[in-house]
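Here are my notes for you, in no strict order. Have the viewer open while you go through them.

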Amino acid sequence: MNEPRHIIIHGHFYQPPRESPWTGLISPEHGAAPFQNWNERILSECYTANAHAHTMQGPVVHVRNNYESISFDVGPTLAEWLQTHGKTAYRAMMRGDALSAEAHGRHGNAIAQSYSHSILPLLPPRDRELQIVWGIDDFVFRFGHKPAGMWLPECAADEDTLASVAAAGIQFVILATDQGNFKGPAAESRGAGPFQWRSGDLSLAVFRFDRELSNSVSFGDGLADGARLAEWISSTALQLEPDAALMLATDGETFGHHNKQGASELARALKALEERDDVIITNCEDYLAAHPVVGSFEIPSATSWSCAHGVERWRSNCGCRNDAHTSQEWRRPFREAMDFVKYHAEATYDRFAPAQVKDPGAILRGAIRLLIDPNPAVHEETFKRFGVTNENNRETLLRMFEMVRAGQAALTSCAWFFDDFGGLEGRVALRWAARAVELAAEHSASVENELLERLRGINSNRRENGDAATLYLSLKTREARGRV
């Protein structure tokens, strides 16, 4: 009998930081009813549903943790919220990675994600590297080991992005079949590879996911019947060379939120696949450890999985939109305004942090652990290592780290993905921009008036929202006073 084929199903689990930067609370989001907000609703429909997915076999109910079987990443901002508000799902993710590592020679299902879900090719080198190292540190804090792979937000990549990821010690990334030039014996097949990207001394394995199968799961009827999906996946995989891998990738929220029976039908598909002897469910790290690359990969320009124009959706009116009757002329000036905030936060840090610590760049690269880990021993060890013994200096640095993180959060990709900045996602960016400006004003003259001038010319497609400056002031005035 031929060697079995390998199946990798990847779920990208992510939500933006919906919490108020001032209160840590999420404002009521009426579209999420009967839940208070979208995080709560998606927690119920997806994250927890996948922690104990139910399937029926005759009168017998099977309950499984889907995170034990699928490759997955969980965005740091979502993971931080789940740690407090979605403990069942959070523990299931941690356990899913641990149990899959036991089953696959210490190669677990979880991979990292860059920290703020900003579009990496649109960032300058310093910010891109900060996003990557913060994503790695967040992963280590939660999963207890270094990640082998990293999910790139929106699968957005270019040469510089891949170089930064490789330089950080990451072994592989996941991209779509149309995001570059795949070459080699397996390039014309539907196989996942892996393929090798190389630039000088840097190299990275690239797994590619099958667009047709993934789109059927994401946007079609792929999850209408888990048994049928398993058969479709298997029949496609069996057309590959023996021992080759087939990969699907989609937003994790597909499994239960976008598709209400998604968690249970995924569990049904996984069970059907596990019962076959001609396919094996695995993950990228495990497959990479046992299989050499099957070709090479080149990326001529910046690309993503959700914009036909590269990465223009996150900075210009490229034509990508949901409603044809809306204008996206707001995207470029909104991007420039949020960049202005981010650069001001960084400039403030660069100017004032050297008075607090001798190596401000190095401590900033490790700062995310101080912001997410309340353990006093971690804080003590880190500050001692950098020679920060004065308590006031420590407090000042922590607020500066928060300022830089807030500036980075203002570039969260969701704010540009949809048709208007006045939606929930654009409001996320404006909240964090306001917080960054506020914290920077503790050290130098406030730039809020200049920011407001930039925002005044940005008009919403929704008359009730007015311009971006009006919305910014409304959000800041209400939430900074503790009202949600």
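1. How far apart are the mean positions of the positive and negative charges of the protein? They are 5 Å apart, for 49 positive and 63 negative charges. Keep in mind that this is a predicted model.

2. On overall dimensions, the rule for a compact globule of 484 residues gives a radius of gyration near 23 Å, and the protein agrees because its own value is 23 Å. The C-alpha trace spans about 75 × 50 × 45 Å along the principal axes.

3. The secondary structure comes to 18 helices and 13 strands. If you count contacts with a separation of 6 or more, 74% of them link residues 24 or more positions apart.

4. Now for burial and surface. Of the 484 residues, 60% count as buried. The protein exposes about 19,500 Å², and carbon and sulfur atoms supply 49% of that area.

5. Have a look at strand 4, residues 71–74. In a regular strand the side chains alternate between the two faces of the sheet. Here S71 and D73 point one way, while F72 and V74 point the other way. Which of the two applies to these residues, buried or exposed? All of S71, F72, D73 and V74 are buried.

6. Strand 4 also has pairing partners. Strand 1 (residues 5–13) runs parallel to strand 4, and four bridges join them. Strand 5 (residues 110–113) pairs with strand 4 as well, again in the parallel sense, over two bridges. F72 is worth clicking on: F72 is the bridge partner of G11, and in strand 5 the bridge partner of F72 is A110.

7. Next along the chain is helix 2, residues 76–85. Its buried residues are P76, T77, L78, A79, W81 and L82. What covers them? The cover includes strands 1, 4 and 5, together with helix 1 (38–51), helix 3 (87–103) and helix 4 (125–143). So strand 4 and both of its partners named above, strand 1 and strand 5, turn up in the cover of helix 2.

8. One last residue to check is T236, found in helix 7 (residues 226–237). Why does T236 count as buried? Its relative accessibility is 4%, and the cut-off for buried is under 20%. Leaving out residues up to four places away in sequence, T236 touches R190, L213 and L246.

Technical notes. Residues are numbered from 1 along each chain as its sequence is written. This is a predicted model: local features need pLDDT of at least 70, side-chain atom pairs count only at pLDDT 80 or more; totals for chains, interfaces and linings use all residues. Side-chain values use heavy atoms; hydrogens and water are left out. The radius of gyration is taken over C-alpha atoms; the globule rule is 2.2 Å times the number of residues to the power 0.38. Buried means under 20% relative accessible area, exposed over 50%, partly exposed in between (1.4 Å probe, protein chains only). Contact means heavy atoms within 4.5 Å. Accessible areas come from the Shrake-Rupley method with a 1.4 Å probe; for residues, only the protein chains shown count as cover. Lys and Arg count as positive and Asp and Glu as negative; His and the chain ends are not counted. The place of a charge is taken as NZ of Lys, CZ of Arg, CG of Asp or CD of Glu. Two strands pair if DSSP finds at least two bridges between them.
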